[in-house]
Amino acid sequence: MKGGDRVAGRGKGTTVRAVRRPEVRLPELRPHDGGALESEGDYDGLEFTEADWAGQAAHGARFLDCAMRRCALDETVLSRARIIDSVLSGVRGVGTDLSQASLRDVEVTDARLGGTQLHGAVLERVVVRGGKIDFPNLRQAKLRDVAFEGCVLVEADFSGAELERVTFDDCTLARVDFSEARMRDVDLRGAATVDIARGIDRLSGAVISAAQLLDLAPVFAAQIGVRVE
């Protein structure tokens, strides 16, 4: 079996389809000239290092085979941007707008972001490794083959999102919102902490561990109106 047909399991009789991970092999990159980003800009084979993009707008820009290292993204507007076969390392910022953006075959490592707008975005074959993301808005987003590894997600909003083959290994999920989300082969068993604020009833299509079931029992009870004393 290949790619998404592979089967992964952590317990007897429990299987989920494995995440197809990105295989990013960057070519020799050229340093960016340091100019401001442009809407509908076309960036190919470039390395951006410690660029300050605070307040800049690049609606619909395309980044192919690029590396963004330690860049500042405060209030940066990248709505409808396409980021393909690229690496984002140590990026930071508050209020970054990636609404309706498309990320395909992307590795994100050690990001420090707050209030990132990803509503309506499409993430396919993406790894988010390390770092902390506060209040990410992933409403109506589509996540397919996405692996979260060793990161902290605070009040992540997945309302109405579609999640297929998504894992959360060694992650802390604090006050996550799964309201109206649709899940298929979502594996929560590897998460260090799972704290679901809303949408406990939308976990059909997800797999949790026995220990997580005990931790979430009060939330399940509240959902069906059972009082525990």
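# Cavities, pockets and salt bridges: worked exercises

Searching the whole structure turns up one cavity of 30 Å³ or more. Keep in mind that this is a predicted model.

## Exercise 1: the cavity

Work out how much space the largest cavity holds, which residues sit closest to its centre, and which strand gives the most to its lining.

**Solution.**

Step 1. Start with the volume: the largest cavity comes to about 280 Å³.

Step 2. Now the walls. The lining has 21 residues, and those closest to the centre are Leu103, Val108, Leu113, Leu118 and Ile133.

Step 3. Sort the lining by element. At least two residues come from each of β8 (82-89), β10 (102-114) and β11. The biggest contributor is β11, with four residues.

## Exercise 2: the pocket and its charged pairs

Find the residues that line the largest pocket, then pick out salt bridges formed by Glu162 and Glu164.

**Solution.**

Step 1. The largest pocket holds about 190 Å³ of space. Its lining consists of Val122, Leu123, Glu124, Lys142, Leu143, Arg144, Glu162, Leu163, Glu164, Arg182, Met183 and Arg184. Two or more lining residues come from each of β11, β12, β14 (162-169) and β16 (182-187).

Step 2. Take glutamate 162. Its salt-bridge partner is arginine 182, with the closest N and O atoms 3.2 Å apart. Glutamate 162 is in strand β14 and arginine 182 in strand β16, so this pair ties together parts 20 residues apart in sequence. Glutamate 162 is partly exposed at 31% relative accessible area, and arginine 182 is partly exposed too, at 45%.

Step 3. Take glutamate 164. This side chain meets that of arginine 184 in a salt bridge at 4.0 Å, N to O. Here again distant parts of the chain are linked: arginine 184 belongs to strand β16 and glutamate 164 to strand β14, 20 residues apart. Glutamate 164 counts as buried because its relative accessibility is 15%, and the cut-off for buried is under 20%.

Step 4. Follow the shared partners outward. Salt bridges join Arg17, Arg20, Arg144, Asp145, Glu164, Arg165, Arg184 and Asp185 into one network.

## Exercise 3: a salt bridge between β4 and β6

Count the salt bridges in the whole structure, then describe the one between aspartate 42 and arginine 62.

**Solution.**

Step 1. The full search gives 21 salt bridges. As background, oppositely charged side chains can pair when their charged atoms come close.

Step 2. For aspartate 42 and arginine 62, the closest N and O atoms are 2.5 Å apart. Aspartate 42 sits in strand β4 (residues 42-44) and arginine 62 in strand β6, so the bridge ties together parts 20 residues apart in sequence.

Step 3. Check the surroundings of the acid: aspartate 42 is exposed, since its relative accessibility is 54% and exposed means over 50%.

## Exercise 4: the loop between β5 and β6

Place glutamate 50 and alanine 57, then compare their accessibility classes.

**Solution.**

Step 1. Glutamate 50 is in the loop between β5 and β6. Alanine 57 is found in the loop between β5 (46-49) and β6 (62-64) as well.

Step 2. Glutamate 50 has a positive phi of about 55 degrees, although it isn't a glycine. The residue is exposed, at 55% relative accessible area.

Step 3. Alanine 57 counts as partly exposed, at 32%. Leaving out residues up to four places away in sequence, alanine 57 touches Leu37, Glu38, Ser39 and Val77. Its C-alpha is 8.8 Å from that of alanine 36, a residue 21 places away in sequence.

## Exercise 5: two more loops

Where does arginine 80 lie, and is asparagine 137 buried or exposed?

**Solution.**

Step 1. Arginine 80 is in the loop between β7 (67-69) and β8. This non-glycine residue also has a positive phi, about 60 degrees, and it counts as partly exposed at 43% relative accessibility.

Step 2. Asparagine 137 is in the loop between β11 (122-134) and β12 (142-149). At 16% relative accessibility, asparagine 137 is buried.

Step 3. Look at what asparagine 137 contacts beyond its neighbours within four places in sequence: Thr116, Gln117, Leu118, His119 and Asp157. One of these, Leu118, is also among the residues closest to the centre of the largest cavity.

Notes
Residues are numbered from 1 along each chain as its sequence is written. This is a predicted model: local features need pLDDT of at least 70, side-chain atom pairs count only at pLDDT 80 or more; totals for chains, interfaces and linings use all residues. Side-chain values use heavy atoms; hydrogens and water are left out. Buried means under 20% relative accessible area, exposed over 50%, partly exposed in between (1.4 Å probe, protein chains only). Contact means heavy atoms within 4.5 Å. On a 1 Å grid over the protein atoms alone, a cavity is a set of points where a 1.4 Å probe fits but cannot get out, and a pocket is an open set with protein on both sides within 12 Å along at least five of seven lines; lining residues have an atom within 4 Å of a point. Grid points are joined across faces, edges and corners, and a volume is the space filled by probe spheres set on the points.
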